[in-house]
Amino acid sequence: MGANLSEVAAHAGVSTATVSRVLNNRAGVSETTRAAVLASVDVLGYQRPAQLVARRSGQIGLVVPELDDPVVPLFAQFIESSLAQAGYMPLLCTRTVGGVSEPEYVDLLREHGVAGIIFVAGLHGDSTADLTHYHRLTDSGLPTVLINGYAAEIDTAFISTDDAAAMDQAVKHLVALGHATIGLAVGPDRLVASQRKATGFADAIRRQVGENAPVRVATGLHSVEGGTAAAVRLLDDGCTAIVCGSDLIALGAIRAARRRGLSVPRDVSIIGYDDSRLMAFTDPALTTIRQPVIAMGAAAVDTLVNEIAGQSKLRDELLFTPELVLRESTGSAPRH
């Protein structure tokens, strides 16, 4: 039953306009006044709006893809730790093929009364996905933050790695080593991250190799096997260096090179993306682009917690600059 504004206003000693602002979760009301209005709603036996019920909870949903991508556990671990330090209980929801879907997790978390939800590499990063469940979240006023992926039609906060900056760093490094025939191996082209990497790579090639230089991009599965298949196509095209869309793809590219009897980095240089755990211990140790996981996770948690506390909602994308980590999988271009 909806609250009677006049009755609540009289009980709380405020105007009906103030009650309306509180019940619609709008800014411009002090926390003391907000608490008084909500207390009056409770005392008078009215039901709080759904988004205000959620604000009372100390639990936050964390929805992530399958944990076989080694960078995902890094995000999950840091975000869970940060939420706990902020006084919230994280509820980890892992999407798997044939398992609970992302929209189903959203429904479950809302029924559970969470205070907010953070998505890591969710369906917001798939340009072909149905985004209805995100619109339901934003319409309900439930605080939401989306990491790595972007959809302009979703009215919420986005936290992303600057893929264009990453490609610029990678290509600049390879060109400095004498490489001119450089390829990019990325995941499916329906993914926003793949699209952004491809666009950034093309811009970097034209800027640093030559305006008319060929742009060589191979897409495939976001896996070691996908990286192997993509690298085969790029090696067939004469590439002496390959930038990869993930560390898993890079491991597949190394495998493809070795199957041809090529040495990394003597014959072909390979750069990964993520700097997930153990990449410093591969053979050779992988040169890779490090996602600023800690900074991104902290920003996501701060953004969500601030919105839950009633501060203004971030409706924009924050881009974080990655770091090129030099190891042993890149070297001077081979002389023919």
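**Entry 1: aromatic pairs.** I looked for paired rings and found that the structure holds 2 aromatic pairs; I note here that the model is a predicted one. For Phe119 and Tyr134, I read a distance of 5.1 Å between the ring centres and an angle of 70° between the planes, so I entered this pair as edge-to-face. Phe119 belongs to strand 3 (residues 116-120) and Tyr134 to helix 7, so the pair ties together parts that are 15 residues apart in sequence. I then checked how accessible the two residues are: Phe119 is buried at 0% relative accessibility, and Tyr134 is buried too, with a relative accessible area of 1%.

The other pair I looked up is Tyr150 with Phe158, which is edge-to-face, with 4.7 Å from centre to centre and 65° between the planes. Here I found Tyr150 partly exposed, at a relative accessible area of 30%, whereas Phe158 is buried at 1%.

**Entry 2: helix 6 and helix 7.** I turned next to the helix that holds Tyr134. Helix 6 (residues 102-112) packs with helix 7 (residues 132-140) at an angle of about 25°, their axes being 9 Å apart, which makes helix 6 roughly parallel to helix 7. Tyr134 is among the residues of helix 7 that meet helix 6, whose own contacts include Pro103 and Val106. By class, I noted 4 nonpolar, 2 polar and 4 charged residues in this contact.

**Entry 3: helix 8 and helix 9.** Lastly, I followed helix 8 (residues 163-176) and helix 9 (residues 192-208), whose axes come within 8 Å and cross at roughly 40°, which makes helix 8 oblique to helix 9. The crossing is right-handed, and its contact includes Met167 and Val171 of helix 8 and Phe201 of helix 9.

Definitions and conventions:
Residues are numbered from 1 along each chain as its sequence is written. This is a predicted model: local features need pLDDT of at least 70, side-chain atom pairs count only at pLDDT 80 or more; totals for chains, interfaces and linings use all residues. Side-chain values use heavy atoms; hydrogens and water are left out. Axes are lines fitted to C-alpha atoms, for helices over the stretch in contact, and angles run from 0 to 180 degrees between N-to-C directions. Helices (H or I, at least four residues) and strands (E, at least two) are DSSP runs, numbered from the N terminus. Angles under 35 degrees count as roughly parallel, over 145 as roughly antiparallel, 65 to 115 as roughly perpendicular and the rest as oblique. A crossing is left-handed if the near helix is turned anticlockwise from the far one by less than a right angle, and right-handed if clockwise. Contact means heavy atoms within 4.5 Å. Ala, Val, Leu, Ile, Met, Phe, Trp, Tyr, Cys and Pro count as nonpolar, Asp, Glu, Lys and Arg as charged, and the others, Gly among them, as polar. Rings of Phe, Tyr and Trp (its six-membered ring) pair if their centres lie within 6.5 Å; planes under 30 degrees apart count as stacked, over 60 as edge-to-face and the rest as tilted. Buried means under 20% relative accessible area, exposed over 50%, partly exposed in between (1.4 Å probe, protein chains only).
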